[in-house]
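Subject: Handing over a structure, with notes

Dear colleague,

I am passing on the structure below, together with a description of what was found in it. Please have it open beside you while you read.

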Amino acid sequence: MSQDITLMPNAAKRVAAIADKQGQDAVLRLSVEGGGCSGFQYRFGLADTIDEDDIVTTESGVTLVVDSISIDLVRGCAVDFVESLGGSAFQVQNPNAANGCGCGSSFSV
């Protein structure tokens, strides 16, 4: 287990619901890729496997995995699921980000 990243209860609940609907294990993979309007962008998806070098944390029976390369950009983050008038989405509260974009899906360091 790791405290390098935190999965908030609302996000865990949403992942569990999505995984159940798709008949998959409740394992969410967060990765960071180059691109987006600020330089890096977050990618979320249900994971089929957990790699040996993944950083792993759990909340309410749901697992969050981050690859060993992406963890340097998201260490200390909290992953939440937020619903608002503008819509609903997974949100990363990233203390490492120097700047972010309005959509909340990309950042720079």
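Which residue in β7 is the bridge partner of Phe81? It is Phe90, and the two strands concerned, β6 and β7, run antiparallel and are joined by seven bridges. Before I go further, please keep in mind that this is a predicted model, and that what follows was computed from it.

To stay with that pair of strands for a moment, a hairpin of two residues leads from β6 to β7, and another of the bridges between them links Ala78 with Gln93 in β7. As general background, strands of a sheet pair through backbone hydrogen bonds, and they may do so in parallel or antiparallel fashion. Here β6 and β7 belong to an open sheet of three strands, ordered β1-β6-β7, in which the pairing is mixed. β1 and β7 (87-93) are the edge strands, each of them pairing on one side only, and the twist from one strand to the next averages 25°. Helix α1 packs on this sheet, where it touches β1, β6 and β7, and its direction makes about 70° with that of β6.

For the chain as a whole, there are two helices and nine strands, which follow one another from the N terminus in the order β-α-β-β-β-β-α-β-β-β-β. Of its 109 residues, 39% are buried, and the chain exposes about 6100 Å², with carbon and sulfur atoms supplying 47% of that area. If one takes the contacts between residues at least 6 apart in sequence, 54% of them join residues that are at least 24 apart.

The interior is best approached through the largest nonpolar core, which has 22 residues, and in which Ile5, Leu7, Leu30, Leu64, Val66, Val74 and Val79 are the ones with the most contacts inside the core. Two or more residues each are given to this core by β1 (5-7), α1 (9-22), β2 (27-35), β5 (62-66), α2 (71-74) and β6 (77-84), and the largest share, four residues, comes from α1. Leu64 may serve as an example: leaving aside residues up to four places away in sequence, Leu64 touches Ile5, Thr6, Leu7, Leu28, Leu30, Ile55, Val56, Thr57 and Val79.

Thr63, found in strand β5, deserves a look of its own. Is Thr63 buried or exposed? Thr63 counts as buried, because its relative accessibility of 13% falls under the 20% cut-off. Again without residues up to four places away in sequence, Thr63 touches Ala26, Val27, Leu28, Ile50, Val56, Thr57 and Thr58.

Gly61, by contrast in its accessibility, is exposed, since its relative accessible area of 69% is over the 50% that the term requires. Gly61 has its place in the loop between β4 (55-59) and β5. Although Gly61 and Ala26 are 35 residues apart along the chain, their C-alpha atoms are separated by 7.7 Å, and Ala26 is also one of the residues that Thr63 touches.

With best wishes

Note on methods: Residues numbered from 1 in each chain as written. Predicted model: local features only at pLDDT ≥ 70, side-chain atom pairs only at ≥ 80, totals over all residues. Heavy atoms only, no water. Core = buried A, V, L, I, M, F, W, Y, C linked by side-chain atoms within 4.5 Å. Buried < 20%, exposed > 50% of the residue type's maximum accessible area, 1.4 Å probe, protein only. Contact = heavy atoms within 4.5 Å. Pairing = 2+ DSSP bridges. Axes fitted to C-alpha atoms, helices over the stretch in contact; angles between N-to-C directions. Areas by Shrake-Rupley, 256 points an atom, 1.4 Å probe, with all protein chains shown as cover.
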